Amino acid sequence: MAKPSKIYSVLFNKCPQCGEGDFFITKSAYNLRNFDKMNRHCPNCGADFVPEPGFYQGALYVSYALYVAFMVIYFLIFVNLFREYLDYFLISIIPILVILTPLFYRMARRTWLALFIKPASSKERA
Ligand SMILES: [Zn+2]
């Protein structure tokens, strides 16, 4: 078994505990019918992906942080490299954010769960 890490599980749609089972049922964020369908438990180790009702409301803050971080980086690239085309920043930001929405939605949920579940390799408590 590969060494599970939180970064790996967040980026590659894996269970934060074992790093093996899939978090969302589909690998692609752009499968429009199923991109938001999660496994209730890890298919590999059985970790509970929904520890309590409304657990993923907190993922809202992660998703907000992802959008802000993305927009700041995108803006800084424009200001530094394409200053004379700054209009295009405003024109392009909305469609880009729409396209990124499923990606950030999924990443936010995985990040939020990873904050609360320890990778199995680091479990020392009895
Ligand atoms: Zn697992």
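Biologist: What makes you say that helix 3 bends, and at which residue?
Modeller: Helix 3, residues 86-116, bends by about 45° at threonine 101. The bend at a residue is the angle between two fitted axes, one for the seven residues ending there and one for the seven starting there. A proline, proline 102, follows within four residues.

Biologist: Before we go on, how do you know which features can be used and how the numbering runs?
Modeller: This is a predicted model, where local features need pLDDT of at least 70, side-chain atom pairs count only at pLDDT 80 or more, and totals for chains, interfaces and linings use all residues. Residues are numbered from 1 along each chain as its sequence is written.

Biologist: And why is it called helix 3?
Modeller: Helices are DSSP runs (H or I, at least four residues), as strands are (E, at least two), and they are numbered from the N terminus, so the number gives the place in that order. The protein has three helices and zero strands, and its pattern along the sequence is α-α-α.

Biologist: Which residues of helix 3 are buried, and what makes a residue count as buried?
Modeller: A residue is buried if 20 or more other C-beta atoms lie within 10 Å of its own, exposed if 12 or fewer, and partly exposed in between, with C-beta atoms placed from the backbone. Among those that pass in helix 3 are Phe104, Ala108 and Trp112. The buried residues of helix 3 pack against helix 1 (6-11) and helix 2 (59-81). Over the protein, 21% of the 126 residues count as buried.

Biologist: Why is cysteine 18 called buried?
Modeller: Cysteine 18 has 21 other C-beta atoms within 10 Å, so it meets the buried cut-off. Cysteine 18 is in the loop between helix 1 and helix 2. From cysteine 18 to cysteine 45 is 27 residues in sequence and 6.5 Å in space, C-alpha to C-alpha.

Biologist: Then is valine 68 buried or exposed, and why?
Modeller: Exposed: valine 68 has 10 other C-beta atoms within 10 Å, so it falls under the exposed rule. Valine 68 lies in helix 2, and alanine 47 is 21 residues away from valine 68 in sequence but 31 Å away in space, C-alpha to C-alpha.

Biologist: And why is phenylalanine 35 called partly exposed?
Modeller: Phenylalanine 35 has 18 other C-beta atoms within 10 Å, so it sits between the two cut-offs. Its place is in the loop between helix 1 and helix 2. Leaving aside neighbours within four places in sequence, phenylalanine 35 is in contact with Thr26, Ser28, Ala29, Tyr30, Pro102 and Arg106. Leucine 103 is 68 residues from phenylalanine 35 in sequence and 9.0 Å in space, C-alpha to C-alpha.

Biologist: What makes two residues count as being in contact?
Modeller: Their C-beta atoms, placed from the backbone, lie within 7 Å. With neighbours within four places left out, alanine 108 is in contact with Ala59, Val62, Ser63 and Leu66.

Biologist: At what angle do helix 2 and helix 3 pack, and how far apart are their axes?
Modeller: The angle is about 145° and the axes are 8 Å apart. Axes are lines fitted to C-alpha atoms, for helices over the stretch in contact, and angles run from 0 to 180 degrees between N-to-C directions. Residues making the contact include Ala59, Val62 and Tyr74 of helix 2 and Leu86, Ala108 and Arg109 of helix 3. By class, the contact has 19 nonpolar, two polar and one charged residues. Ala, Val, Leu, Ile, Met, Phe, Trp, Tyr, Cys and Pro count as nonpolar, Asp, Glu, Lys and Arg as charged, and the others, Gly among them, as polar.

Biologist: Which residues touch the most other members of the largest nonpolar core?
Modeller: Ala108 and Trp112, out of 14 residues. Helix 3 gives the largest share, five residues. Such a core is a set of buried Ala, Val, Leu, Ile, Met, Phe, Trp, Tyr and Cys residues joined through C-beta atoms within 7 Å.

Biologist: One last thing: what makes the phi of asparagine 13 worth a mention?
Modeller: Asparagine 13 has a positive phi of about 60° although it is not a glycine. Most residues other than glycine have a negative phi. Asparagine 13 is in the loop between helix 1 and helix 2.
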